[in-house]
Amino acid sequence: MKFFGATVFALALAALPGSSEAYAVCGGGVDVLTYNASGGCTVDGLVFSDFSVTNALADPNPLVAGVTATVDGSTVNFTFNPTLVPTGSEQDIHFFFKVATLNGSASIIGVDLTNAGVGETSIGETVCAAAFVNNACDPGPALATLVANSQESDEQFFTAVSSAYVFKDIFKGLGDGEDLEEGHLTSFTQSFHTSTVPEPATLLLLGTGLAAAARARRKAQKSN
């Protein structure tokens, strides 16, 4: 019975979420599109994948790099560089990606956006529970919609989900020639808030394993 209890407990542990060794680690300043080849990148239990960067204006080679990824308690921060520098022309990038929990738990509960640009820049963001169709949630409505101009932040929370799709419209303008200068945007941070409560399936598996182990101990004590 000792063996049986240990086996059940081992099986429960084996059913818990695995490691993130198959994924790259987010950050490092690389073009985010390179993560698609390995299925995405991971930070502290979140997987970022399905990156897409498209040009909405004149930039023939739009680039978004993943610069740093950090963890602050239950919040994952991923800082990006959309490489929008003064060029004498307006620039507009559409940036898509998916975020999901590595273990499949519904624990993503909110997002916030910080625009570190200067001059005329803006980032509009839509977060959906399903993939985008024509830059809109399908089906809707959106989990969150955010807007952050230069040196601004925005934050929203929503009912916990296991995955979300993010669309960003990143714009750099020419300013007004007076008080507002041409935009310069080479850094913004996307943060995801997560809950720390284990999902029911994990609790059930652990409970089953622990209960079996306890029963085996009691039977072993009675037989001694």
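This is a short talk about the strands of one structure and how they pair.

Please keep in mind throughout that we are looking at a predicted model. I will begin with the open sheet, in which seven strands are arranged in the order β1-β3-β4-β7-β14-β9-β12, with mixed pairing. At its edges lie β1, residues 24-25, and β12, residues 144-149, each of which pairs on one side only. Within this order, β9, covering residues 121-128, runs antiparallel to β14, covering residues 163-172, and eight bridges join the two; to pick out one position, Glu125 has Lys168 of β14 as its bridge partner.

Let me turn now to strand β6, residues 75-81, and to its partners. On one hand, β6 is joined to β5, residues 65-72, by seven bridges in an antiparallel arrangement, and here Ala65 has Asn81 of β6 as its bridge partner. The hairpin that these two strands make has two residues between them, and in that hairpin Gly73 takes a positive phi near 65 degrees. On the other hand, β6 also runs antiparallel to β15, residues 188-194, with six bridges joining them, and in this pairing the partner of Thr75 is His193 of β15.

Which way do the residues of β6 point, and are they buried or exposed? Thr75, Asn77, Thr79 and Asn81 point one way, whereas Val76, Phe78 and Phe80 point the other way, and all of them are buried. That fits the general pattern, since in a regular strand the side chains alternate between the two faces of the sheet. The strand as a whole is therefore described as mostly covered, because seven of its seven residues are buried, that is, under 20% relative accessible area.

Terms used: Residues are numbered from 1 along each chain as its sequence is written. This is a predicted model: local features need pLDDT of at least 70, side-chain atom pairs count only at pLDDT 80 or more; totals for chains, interfaces and linings use all residues. Side-chain values use heavy atoms; hydrogens and water are left out. Two strands pair if DSSP finds at least two bridges between them. Helices (H or I, at least four residues) and strands (E, at least two) are DSSP runs, numbered from the N terminus. Buried means under 20% relative accessible area, exposed over 50%, partly exposed in between (1.4 Å probe, protein chains only).
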